[in-house]
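Have the viewer open and your selection box ready. We will go from stop to stop, choosing something to display and then looking at what is there.

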Amino acid sequence: MAIEVKDVMGRVAIAVLEDAPFADIVAAMKRFAVGAVTVIDADRRPVGVVSEDDLLLKETDAVKHSVSIFESRRQRQEHQKASGVTAGQLMTTPPVTVTPGTPVREAARIMHDKHIKQLPVIDPVTGRIIGTLHQQDVLRVFARPMEQLEADIRAAIDDLDDYAVEIEKGVVRISGKVQWKSQAIALVERIRAVEGVVDVLSELTYEHDDLVIVPPLL
C-alpha cells in the first residue's frame, strides 16, 4: 500500500498572512525552526512562500534603489523583494503544494526537483492550508517498523514464500530461482517501489534469458 502525505504530515499549518511584516515572518521561522513559511490569503489559501533566501535579499542585494534597463527579469524581481516589508511583497509565487492524498514518493520527488524542504498541505476541495509536510516527515518512511515493511513487501509479491528475503536497515536481499530473466527484474522493481525500501540486492537466478535479442538469419 502506498504511503500518502496524510500518513506522515505535520498537522500544524506554518503560515502568515500577506500583510505580515518582516519581523513577524522571522519570528514564525524561529518559533517553528523552519526555513520558510507559507503565505496565505484571508481564506487560508496559499498564495506564495517566503524563504530564508527571500529574507536575505535585504542584506545581499547591493543595488536597492537604482534600476538598470539591462537587468534581467530575475534581477528586477530580487530588487523588488529586497525593498519589500510584508510577506506579500517578499514571497515567491506560485506556491508548490500537495494534498493529503499525494503519495509520499511523489512529494519527495517534488522536494528534490524544486530544492525545497517543506510543502504546504492543502484541502483538495477548498484549497485551504491544513498542514505542512517537512523533509524529515518524508524521511520517516525509511524508519518504518520491520513488520510493516515486510508486510508491504509480501503484498507486492504474492508468492514471496518461494523466495528467501532478508531485510536489514531498509535494504532488501532476495534470492531464489525464476523461469525468466524478465521475472527477476520485475520482482526487484516491485520491491523497490515499496515505500521504506532503501535498496534491493538481487541474488535471483533464472533459467531462460527472454531479453536477448536474436538477430535474424541471413
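Select valine 37 and valine 50 to begin: valine 50, in strand E3, is the bridge partner of valine 37. Next, add threonine 38, whose bridge partner in E3 is valine 49. Strand names here refer to DSSP runs of E with at least two residues, helix names to DSSP runs of H or I with at least four residues, and both are numbered from the N terminus. Two strands count as paired if DSSP finds at least two bridges between them.

A word on what you are looking at: this is a predicted model, in which local features need pLDDT of at least 70 and side-chain atom pairs count only at pLDDT 80 or more, while totals for chains, interfaces and linings use all residues. Residues are numbered from 1 along each chain as its sequence is written, and side-chain values use heavy atoms, with hydrogens and water left out.

**The open sheet**

Now show all of strand E2 (residues 36–40) with E3; the two run antiparallel and are joined by 5 bridges. Their hairpin has 5 residues between the strands, and there arginine 44 takes a positive phi near 65°. Zoom out to find an open sheet of 3 strands in the order E1-E2-E3, with mixed pairing. Its edges are strand E1 (15–17) and strand E3 (46–51), each of which pairs on one side only. From one strand to the next, the twist averages 35°.

Display helix H1 (residues 22–32) next: H1 packs on this sheet and touches E1, E2 and E3. Contact here means heavy atoms within 4.5 Å. The direction of H1 makes about 130° with that of E2; such angles run from 0 to 180 degrees between N-to-C directions, with axes fitted to C-alpha atoms, for helices over the stretch in contact.

Which residues of H1 are buried? Colour Ile25, Ala28 and Met29 to see them. Looking down the axis of H1, you will find these buried residues within an arc of 95°, so they line one face of the helix. The arc is taken from the directions from the helix axis to the C-beta atoms. Turn to the other side of H1, where Ala23, Lys30 and Arg31 are exposed. Buried means under 20% relative accessible area, exposed over 50%, and partly exposed in between, using a 1.4 Å probe and protein chains only. Just after H1, stop at alanine 33, which takes a positive phi of about 55°.

**Threonine 132 and its hairpin**

Jump to threonine 132 in strand E5 (residues 129–134). Threonine 132 is buried, with a relative accessible area of 2%. Two polar contacts are worth drawing, each a pair of N or O atoms within 3.5 Å; within protein, one atom must be able to donate a hydrogen and the other to accept it, and residues adjacent in sequence count only if both atoms are side-chain atoms. The side chain of threonine 132 reaches the backbone oxygen of valine 12 at 3.0 Å. A polar atom of that side chain also lies 3.2 Å from the backbone nitrogen of isoleucine 14.

Widen the view to E5 as a whole, where 5 of the 6 residues are buried. Add strand E4 (residues 118–122), which pairs with E5 in the antiparallel sense over 5 bridges. Proline 120 stands opposite threonine 132. The hairpin of E4 and E5 has 6 residues between the strands, and in its turn glycine 127 has a positive phi of about 80°.

Then bring in helix H5 (residues 104–114), whose buried residues are Val104, Ala107, Ile110 and Met111. Down the axis of H5 they fall within an arc of 115°, so they line one face of the helix. They pack against E4, E5 and helix H6 (135–139). After H5 comes histidine 115, with a positive phi near 55°.

**The largest nonpolar core**

For the last stop, select Ile153, Tyr163, Ile174, Ile191, Val197 and Leu204, which touch the most other members of the 16-residue largest nonpolar core. Such a core is a set of buried Ala, Val, Leu, Ile, Met, Phe, Trp, Tyr and Cys residues joined through side-chain atoms within 4.5 Å. The elements giving two or more residues to this core are helix H7 (146–156), strand E7 (171–180), helix H8 (181–192) and strand E8 (199–208). H8 gives the most, with 4 residues.
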